[in-house]
Amino acid sequence: MTHDKWGQVRKALKEKVGHSNYVTWIEPLRFSDLTDGVLTLNVQSNFMGNWVDRYFGDSIIREVEANGSIVRRLAFVVDRVANAAERPCAQVEMREPRQN
């Protein structure tokens, strides 16, 4: 499976799970690898991986298989560094101190 195929899977999942679920749970997933029937996805936390597996795992497997790959199971790898680099930093406006 390629990153392009993963993009097609994500597009199909967006239609199936709805916009809010997609933005919260599917969009943050990053394709890592598909080897020997194990689809590995990078996630931001163990909680996210467990939630996605429980509530969207079957849908992900079905969509990947519909795109021509065989998946026996999902694996999630927490990748905090990569995900932190993708998140925008908050901007803080600095003010001059008040003169009394």
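Along the sequence, this predicted model runs through the pattern α-α-β-β-α-β-α. That gives four helices and three strands in the protein. Of the 100 residues, 35% are buried. Taking contacts between residues at least 6 apart in sequence, 62% join residues at least 24 apart. The protein exposes about 7,200 Å², and carbon and sulfur atoms supply 47% of that area.

The three strands make up an open sheet, with the order 1-2-3 and mixed pairing. Strand 1 (30-35) and strand 3 sit at the edges with a single partner strand each, so each has one side left without a neighbour in the sheet. On average, and with direction ignored, neighbouring strands here are turned by 25 degrees against each other. Strand 2 (residues 38-43) pairs with strand 3 in the parallel sense, over six bridges. Helix 3 packs on this sheet and touches strand 1, strand 2 and strand 3, and its direction makes about 145 degrees with that of strand 3.

Two residues help to show what the sheet looks like from close up. Asn 42 is found in strand 2 and stands opposite Val 77 in strand 3. With a relative accessibility of 16%, Asn 42 falls under the 20% cut-off and counts as buried. Setting aside neighbours within four places in sequence, Asn 42 is in contact with Pro 28, Leu 29, Arg 30, Ser 32, Val 77 and Asp 79. One of these contacts, Val 77, is the residue already named as standing opposite Asn 42.

Leu 74 belongs to strand 3 (residues 73-78). This leucine is buried too, at a relative accessible area of 10%. Again leaving out neighbours within four places in sequence, the contacts of Leu 74 are Leu 39, Asp 53, Gly 57, Ile 60 and Ile 61. Helix 3 covers residues 46-66, and contacts of Leu 74 including Asp 53, Gly 57, Ile 60 and Ile 61 fit with the packing of that helix on the sheet. Between Leu 74 and Gly 49, which are 25 residues apart along the chain, the C-alpha atoms are separated by 9.5 Å.

Helix 3 also takes part in a salt bridge. The count for the model comes to one salt bridge, and the side chains that meet in it are those of Glu 63 and Lys 16, at 3.4 Å from N to O. Glu 63 lies in helix 3 (residues 46-66) and Lys 16 in helix 1 (residues 3-17), so the pair ties together parts that are 47 residues apart in sequence. The two partners differ in how they are covered: Glu 63 counts as buried, at 11% relative accessibility, whereas Lys 16 counts as exposed, at 57%.

Next come the aromatic rings. A pair of aromatic rings is described by the distance of the centres and the angle of the planes. A search of the whole structure turns up four aromatic pairs. In one of them, the rings of Trp 25 and Phe 47 have centres 6.2 Å apart and planes at 55 degrees, so the pair is tilted. Trp 25 lies in helix 2 (residues 19-26) and Phe 47 in helix 3, so this pair ties together parts that are 22 residues apart in sequence. Trp 25 counts as buried, at 14% relative accessibility, while Phe 47 counts as exposed, at 53%.

Phe 47 has a further ring partner in Trp 51, and this pair is tilted as well, with 5.9 Å from centre to centre and 35 degrees between the planes. Both Phe 47 and Trp 51 lie in helix 3, four residues apart, which is about one turn of the helix. Trp 51 counts as partly exposed, at 30% relative accessibility. Ring pairs join Trp 25, Phe 47, Trp 51 and Tyr 55 into a cluster.

Helix 3 thus turns up in several parts of this picture: it packs on the sheet, holds Glu 63 of the salt bridge to helix 1, and carries both Phe 47 and Trp 51.

Terms used
Residues numbered from 1 in each chain as written. Predicted model: local features only at pLDDT ≥ 70, side-chain atom pairs only at ≥ 80, totals over all residues. Heavy atoms only, no water. Salt bridge = Lys/Arg side-chain N within 4 Å of Asp/Glu carboxyl O. Helix = DSSP H or I, 4+ residues; strand = E, 2+ residues; numbered from the N terminus. Buried < 20%, exposed > 50% of the residue type's maximum accessible area, 1.4 Å probe, protein only. Contact = heavy atoms within 4.5 Å. Areas by Shrake-Rupley, 256 points an atom, 1.4 Å probe, with all protein chains shown as cover. Pairing = 2+ DSSP bridges. Axes fitted to C-alpha atoms, helices over the stretch in contact; angles between N-to-C directions. Phe/Tyr/Trp six-rings, centres within 6.5 Å; stacked < 30°, edge-to-face > 60°.
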